[in-house]
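Reader: I have not looked at this structure before. Could you take me through some of its parts by question and answer?

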Amino acid sequence: MSSDSREAKATRIRHLLRTEGDAVERNTRTFNRGRYDAVAELEAYEEYRNRAREIKERAIENLPELIDEVAAAVEENGGTVYLADDAADANRYVREVVADADAETVVKSKSMTTEELEVNDALEADGIDVWETDLGEFVLQVADETPSHIVAPAIHKSREGIAELFRERFDPDERLETAEDLTMFARGFLGERIREADVGVTGANFVTADSGSIALVTSEGNARKTVTATDTQIAVAGVEKIVPTVEDLHPFVELIGKSGTGQDVTAYVSLLTPPVDAPSLDRDPVAPLSSESADERDFHLVLVDNGRTAMREDDQLRETLYCIRCSACANSCANFQSVGGHAFGGETYSGGIATGWETGVHGYDSAAEFNDLCTGCTRCVNACPVKIDIPWINNVVRDRLNRGGDDGRFEFVYDELVPDEEPGGIDLQKRLFGNYETLAKLGSATAPVSNWVGELGPVRALLERAAGVDERRSLPEFHRETLRDWFSARGPSVSRADADREVVLYPDAYTNYVDVDRGKAAVRVLEALNVHVRIPAVGESGRAPLSQGMIDTADERASRVYAALAEHVDAGRDVVVIEPSDLAMFQREYEKLLPERSFERLRDGSYEILEYVYGCLENGADPSALRRPERPVAYHAHCQQRTLGLERYTTTVFRELGADVLESDVECCGMAGSFGYKTQYYDLSMDVGDRLREQFTSPAARDRLVVASGTSCEEQLGALLERDAAHPVEVLDPARRNRTDR
């Protein structure tokens, strides 16, 4: 990516932050909080998630058979099924049905699949009036905009903005100000359009193969009106919407509203087995219902492939088809909360899962527009009701995009200096951050000269122009004496013979070369708990290359790390990790990179540092050996630490030592490893971080000791608060000096 392209992207993001950011943040965070509450009240939540996942896995596995089964069921009911190969094929069929009905007006209930196909454009080209009846879609239709959210398409619009839009477009007799005013106006306007419509078009949340039934889960009643007020109904659905039986709908109905908007049950759950047996709407206002035409209803189910069969056959993209379009991934995404779907989406789909969808249905170019906005924080993994590994899909697509690049002018440099496993053509910025370990080794070996050179104005300007490293970020300060050097010279202070336990402390690249004090503190804390410590010669976990979509390099790093740690795991030594993102590699991503048995052994034998301290204390270690926090603590847990459910150990240890702990409920600091260093994303990174700044500068937190578990979190908090943050293990370090200056 050129510096001009980076600046263009930064400008676009700043525009969205300014124009849509407040509304998107307010609404997505409300949905997200609602999800927390709704899920907490559902005792069988995990059971439902497992069941939903199982049903989708089975349905996609048996998709060809289910398509045949649903076709037979619908035709037996009196309807017609058409399997469309692609968007053009689907639109041709829909246009023919509308023409056969001599229709002049078509009303629609929201359907992302028709957005994907651009059905409206196809019909309007034939002179058909098409009206969206979902309130949000109607607003966007009037504004001539695209959706910014899967289930709340106009989430970026304010009430005031909609009022102004309606005034300009409709010049209403009365001033529309309140939400009720606007809703009632739209209701009346769309009621007229529904009454005069000839054809109704809906989507389908699910289609059951056994009965040919269609399940519609909506917040408004317009889907039912669209179906019953017209004698010709067309349902347009991707083939992945088919589930085997009506009974299979149960877990999805329980999950979809709670996951998306935090509603216990979505306002309308309609199960239709068309052609619906309801009286037709007559145009006579005195007797609006006719009892005669029910048998004349016409129903067409258009099942759309449009790339889905290829996705099914792609082992890496296949999980995308499990998506139930609830938007939980979008709502849980810190970046999405700031800029919404117009930045974090493609032509149709938005949020984390959009990368998979856009790649499958529109191609890699569409996904490339926003793929980098996924920071891999993994918060969406726990939010997804069918447990889709969305960050991995993003990594895979990023890797494939990397491999589609052209050889660059710096390739000769990489070939000689960079020991990665990637082909030519990778963006310079990605290759720089993906090879952080190499950079850190060089910076450490030449420190302090490297630190001095790195801060020179011309050097920073060159880094920003050539590699997109934002000048506003402070660069890491490398230490000449690494953690391993220090420990080799010092040796363990608790012998193996006298120790209660024996561990290997994983020297992640940042701890080893930059935040050496954090590593020293970890050694001293473990030894205070009578643990024998080893620090092996082991390299970077693969997190850095994986974050840039350099999967082959991450795979090679994973194999090297396991080879270095295997003898310790074999000997029964616990692996203790300071950096949560590296522990997440061991416990999540290595499942994709290592043989199953190797992954399981490392996963089961590795621990986060405060998790390990907690375990030691629970098993009889003396807590007085640790230093108590000297003042109340404001604590921010790392996002991947939260995904693994490990943040509670830090707060528990602090509280057991008598500390007053205020834990941040902000899900992400915004830094996200290299993301916050990149010029195109710096402003977005700071906007996300501003939510944490607000909380930690509130009266309840501003005088507290700021503590964070992740390297990125510490850096971002330092920039946001203009004071240092400490790692929890530094706070507990018995040799720690009084840090009241923090």
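Reader: Which residue in E12 does Gly238 stand opposite?
Author: The model is a predicted one. In it, strand E7 (residues 232-238) pairs with E12 in the parallel sense, over seven bridges. The residue in E12 that stands opposite Gly238 is Val304.

Reader: Which residue in E12 stands opposite Thr80?
Author: Strand E1 (residues 80-84) also pairs with E12, and the sense is parallel, over five bridges. Opposite Thr80 in E12 stands His300.

Reader: How many of the seven residues of strand E12 are buried?
Author: Strand E12 covers residues 298-304 and is mostly covered. The number of its residues that are buried is six.

Reader: What should the 14 residues of helix H5 span, and what is the distance between its end C-alpha atoms?
Author: Helix H5 takes in residues 87-100, and at 1.5 Å a residue an expected span follows. The C-alpha atoms at its ends agree with that expectation, since both values are 20 Å.

Reader: Which residue caps the N-terminal end of H5?
Author: A side-chain oxygen lies 3.3 Å from the backbone nitrogen of Ala88. That oxygen belongs to the residue that caps the N-terminal end of H5, Asp86.

Reader: What phi does Asp102 take?
Author: Asp102 comes just after H5. Its phi is positive, at about 50°.

Reader: Which strands stand at the edges of the open sheet of three strands?
Author: The order in this sheet is E18-E17-E19, and the pairing is parallel. An edge strand has a single partner strand, so one of its sides has no neighbour in the sheet. The strands placed like this are E18 (661-663) and E19 (705-708).

Reader: What is the average twist from one strand to the next?
Author: In the open sheet E18-E17-E19, the twist from one strand to the next averages 25°.

Reader: Which residue in E19 is the bridge partner of His636?
Author: Strand E17 (residues 633-636) and E19 run parallel and are joined by four bridges. The bridge partner of His636 in E19 is Ala708.

Reader: At about what angle to E19 does helix H36 run?
Author: Helix H35 (residues 682-696) lies across E17, E18 and E19, and runs at about 165° to E17. Helix H36 (residues 711-721) lies across E17 and E19. Its angle to E19 is about 145°.

Reader: Why are the buried residues of helix H22 on the same side, and what arc do they cover?
Author: In H22 (residues 436-445), the buried residues are Tyr436, Glu437, Ala440, Gly443 and Ser444. They are on the same side of H22 because the arc they cover around the axis is only 125°.

Reader: Which helices do the buried residues of H22 pack against?
Author: Five helices are named here, among them helix H21 (428-434) and helix H23 (449-454). The others are helix H26 (509-513), helix H28 (543-547) and H29.

Reader: Is His568 buried or exposed?
Author: His568 is found in helix H29 (residues 551-570). Leaving aside neighbours within four places in sequence, it is in contact with Val504, Arg534, Pro536 and Arg573. Its relative accessibility is 6%, and the cut-off is under 20%, so His568 counts as buried.

Reader: What separates the C-alpha atoms of Arg29 and Asn331?
Author: Arg29 is found in helix H2 (residues 21-40) and, at 23% relative accessibility, counts as partly exposed. Not counting residues up to four places away in sequence, Arg29 touches Gln337 and Arg691. Arg29 and Asn331 are 302 residues apart along the chain, and their C-alpha atoms are separated by 6.7 Å.

Note on methods
Residues are numbered from 1 along each chain as its sequence is written. This is a predicted model: local features need pLDDT of at least 70, side-chain atom pairs count only at pLDDT 80 or more; totals for chains, interfaces and linings use all residues. Side-chain values use heavy atoms; hydrogens and water are left out. Helices (H or I, at least four residues) and strands (E, at least two) are DSSP runs, numbered from the N terminus. Buried means under 20% relative accessible area, exposed over 50%, partly exposed in between (1.4 Å probe, protein chains only). Contact means heavy atoms within 4.5 Å. The expected span of a helix is 1.5 Å times one less than its number of residues. A polar contact is a pair of N or O atoms within 3.5 Å; within protein, one must be able to donate a hydrogen and the other to accept it, and residues adjacent in sequence count only if both atoms are side-chain atoms. Two strands pair if DSSP finds at least two bridges between them. Axes are lines fitted to C-alpha atoms, for helices over the stretch in contact, and angles run from 0 to 180 degrees between N-to-C directions. The arc is that of the directions from the helix axis to the C-beta atoms.
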